[in-house]
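Trainee: I have a chain open and would like to work through it step by step. Where should we begin?

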Amino acid sequence: IDDAATYRTGVVTGMTQTMHTGSVLVTPQKFAFHRQNGKLVLDGATLLNTADEAYFNYIAFSNAAVVASASGDLRAGGVASPVWNVGGTGMSSLEGDVKLVAIANAPSLTSLTIDVAEVAEGTDFLVTGDIVDLQASNIGYLVKTGAGTMQLDGAVKSTGGALSVAEGTLLLGVSSDAHTDFSLDGGTLAAAAGTTHTAGTLAVTAASSLEIASGATLTFADLEVSSGATLNATVPGKTNLKVSAALSAEVLSRIRINGERARQDADGYLRRNCGLVISFH
């Protein structure tokens, strides 16, 4: 696989390479593991990415697998919509940024799906870098599935589409004011204790949740909740959840703050609507 000359057509195609505990795979120069359906299984093993351009569309993380790519350029996409799976036992982790690459002339067809099972107490999959586009004209987006918790210690910077949380939990572990858009499609978006986050639009398309830990704040430019959907937010105080845009009464009726209907203050903060309701018959 150490053959940069075959990079453009792919050096690993249609096969599965399994690395077991104690094994280390080092990617040299420009490298592609993703052409057709080449799959890498990291069974407690380590992928050490030092390549200028390394494409991995199908990775199976299990048993505390590690991708160490702080000095490399890890990419997903470009040919088909990639899928990464996290399973086994013990938290797996990925160091460095993940760059999303769209299919040429069809950016809407490319998404990286990360399917995370519940494999550990707390965080099941840790990503320490940013989720970014390869370049402004070559964009993709990410979908989080699976019942497990993916912790992101970087920022969501992809502009190809909102980062979708369809299942399980996406935990924002480190403060960032660089997040773009999020979409809650049945999952949970959480903010770790003491962190501060600023993002673009939060779109809610199905019954979903926000979980804000003590001392954390989440600020969105706007909040959209589709008809028939409900956003259930766990908010520890009065200044933990803010939306810069003024929300309509219709949208507010679809939001619950600590189990009660929501109201928006003049400064944008969302709080429980604790007013007395009197019904006349």
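Trainee: What is the mean pLDDT of the chain?
Mentor: This is a predicted model, and pLDDT is the predictor's confidence in each residue, from 0 to 100. Of the residues in the chain, 83% reach 70 or more. The mean over the chain is 86.

Trainee: Over which residues does pLDDT stay under 50?
Mentor: The model does have 20 contacts beyond four places in sequence for this stretch. Those contacts belong to a segment where the predictor's confidence stays under 50. The segment is residues 1–10.

Trainee: How many strands are there in the chain?
Mentor: The chain has 281 residues, and buried residues make up 51% of them. Among contacts with a separation of 6 or more, 42% are between residues 24 or more positions apart. As for secondary structure, there is one helix, and the number of strands is 29.

Trainee: Which strand is joined to S7 by five bridges?
Mentor: S7 covers residues 58–62, and its partner covers residues 83–87. The two run parallel. Phe61 stands opposite Val86 of the partner. That partner is strand S10.

Trainee: Which residue in S13 stands opposite Val83?
Mentor: S13 spans residues 111–116. Four bridges join S10 to S13, and these strands run parallel. The residue opposite Val83 is Thr113.

Trainee: Is Asp115 buried, partly exposed or exposed?
Mentor: Asp115 is found in strand S13. Its relative accessible area is 27%. Buried would need a value under 20% and exposed one over 50%. Asp115 therefore counts as partly exposed.

Trainee: What is the separation between the C-alpha atoms of Asp115 and Gly146?
Mentor: Leaving aside neighbours within four places in sequence, Asp115 is in contact with Trp84, Asn85, Val86, Thr145 and Gly146. Gly146 is 31 residues away from Asp115 along the chain. Their C-alpha atoms are separated by 4.9 Å.

Trainee: What share of the area exposed by the chain do carbon and sulfur atoms supply?
Mentor: The chain exposes about 11900 Å². The share supplied by carbon and sulfur atoms is 49%.

Trainee: What is the area of the nonpolar surface patch made by Val24, Val26 and Leu48?
Mentor: Take Val26, which is found in strand S2 (residues 24–27). Val26 is partly exposed, with a relative accessible area of 43%. A patch residue needs over 30%. With Val24 and Leu48, Val26 makes a nonpolar patch of about 230 Å².

Definitions and conventions. Residues are numbered from 1 along each chain as its sequence is written. This is a predicted model: local features need pLDDT of at least 70, side-chain atom pairs count only at pLDDT 80 or more; totals for chains, interfaces and linings use all residues. Side-chain values use heavy atoms; hydrogens and water are left out. Buried means under 20% relative accessible area, exposed over 50%, partly exposed in between (1.4 Å probe, protein chains only). Contact means heavy atoms within 4.5 Å. Accessible areas come from the Shrake-Rupley method with a 1.4 Å probe; for residues, only the protein chains shown count as cover. Patches are made of residues with over 30% relative accessible area and no salt bridge: like charges are joined within 9 Å, nonpolar side chains (Val, Leu, Ile, Met, Phe, Trp, Tyr) within 5 Å. A salt bridge is a side-chain nitrogen of Lys or Arg within 4 Å of a carboxyl oxygen of Asp or Glu. Two strands pair if DSSP finds at least two bridges between them.
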